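Q: I would like a close look at one part of this structure, with enough of the whole chain around it to see where that part belongs. Please take it slowly, since I am in my first year.

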Amino acid sequence: MLYIVRILLIFIYFILVAAIGLLICLLRPFNPDNTTLIGRLYGWGGTRILGIRLEFSGTEHLTGLGPCVIIANHQHNLDLFVYGGLLPRRTVSLGKKSLRFIPVFGQMYWLAGNVLIDRNSKRQSQATMSAATVALRDKNTSLWIFPEGTRNRGHNLLKLKQGAFKTAREAQVPLVPVCASSYVQQLQLNRWRSATIKIRVLPPVSSARLAQEPLDSVRDDCWHRMMTCIGELDR
């Protein structure tokens, strides 16, 4: 019974916040603080409805950092509620172009200033990432990316795509890995406390390192660091 109630309430809350967010975005379209505000609304209410407890560590690595590229492991659509409260100010996210077709949410997501990418068109993807690079470099904006490119369903960390690392290097900004414990398999929505999810922000990869070392090497090192961190959080 509790499971059914939660699924119904989280759906209603999802639509409600999207509608409120759309109104905010109509008043100040493409403001980079829109995503932060809406993300925190999703995180604040979503975790309470779902019975999720969040434990954060390493958040000091995001303090006073300025524009950066943030990468995180992507497990489930519920990541919207899990990571929402962590978004720093002036942060937008990179999402699939198909998100814009979700009623209310899609329009809000676009007007919030998030970056929509068409993964089926290499030329358009490159143009989108170039625009994101300009925003990072010239508009004091950070970018949140799920570099696996799809949900891993809590089964290990998939191979990281190079786009996030290339964007950070071209924009000359640091890259910050964020890890959440593997919660998908442990989530029990029929229990009052459905899960405790641990989230850790790792030390940034400096812009100097991104400029000096081969991107494949930096990417592989980040993958190993994140895998190690996720294993520690799970234990």
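A: A good place to begin is helix H1, which covers residues 2-27 and whose buried residues are covered by elements that include H2, helix H3 (79-83) and helix H4 (105-111). Before going further, please keep in mind that this is a predicted model.

The residues of H1 that are buried can be listed in order along the helix: Arg 6, Ile 10, Tyr 13, Phe 14, Val 17, Ala 18, Gly 21, Leu 22, Ile 24 and Cys 25. Here a residue counts as buried when its relative accessible area is under 20%, and you may like to find each of these names in the structure as you read. As for its length, H1 has 26 residues, and the distance from its first C-alpha to its last is 37 Å, close to the 38 Å that is expected at 1.5 Å a residue.

One of the elements that cover H1 is H2, and this helix deserves a look of its own. Helix H2 takes in residues 33-50, and because its 18 residues should span 26 Å at 1.5 Å a residue, the computed 26 Å between its end C-alpha atoms agrees with that expectation. Most of H2 is covered, with 13 of its 18 residues buried, and just after the helix comes Gly 51, whose phi is positive, at about 75°.

These helices belong to a protein chain that has eight helices and seven strands. Of its 235 residues, 49% count as buried, and the exposed area of the chain is about 11900 Å², of which carbon and sulfur atoms supply 57%. A compact globule with 235 residues would have a radius of gyration near 18 Å, so the 17 Å of this protein chain agrees with that rule. Its C-alpha atoms fill a box of roughly 55 × 45 × 35 Å along the principal axes.

The chain can also be described through its contacts: among those with a separation of 6 or more, 76% are between residues 24 or more positions apart. A separate example of distance along the chain and distance in space is given by Asp 216 and Lys 166, which are 50 residues apart along the chain and whose C-alpha atoms are separated by 10.0 Å. Asp 216 is part of helix H8, residues 215-234, and it counts as partly exposed because its relative accessibility is 39%.

Terms used. Residues numbered from 1 in each chain as written. Predicted model: local features only at pLDDT ≥ 70, side-chain atom pairs only at ≥ 80, totals over all residues. Heavy atoms only, no water. Helix = DSSP H or I, 4+ residues; strand = E, 2+ residues; numbered from the N terminus. Rg over C-alpha atoms; globule rule 2.2 N^0.38 Å. Buried < 20%, exposed > 50% of the residue type's maximum accessible area, 1.4 Å probe, protein only. Contact = heavy atoms within 4.5 Å. Areas by Shrake-Rupley, 256 points an atom, 1.4 Å probe, with all protein chains shown as cover. Expected span 1.5 Å × (residues − 1).
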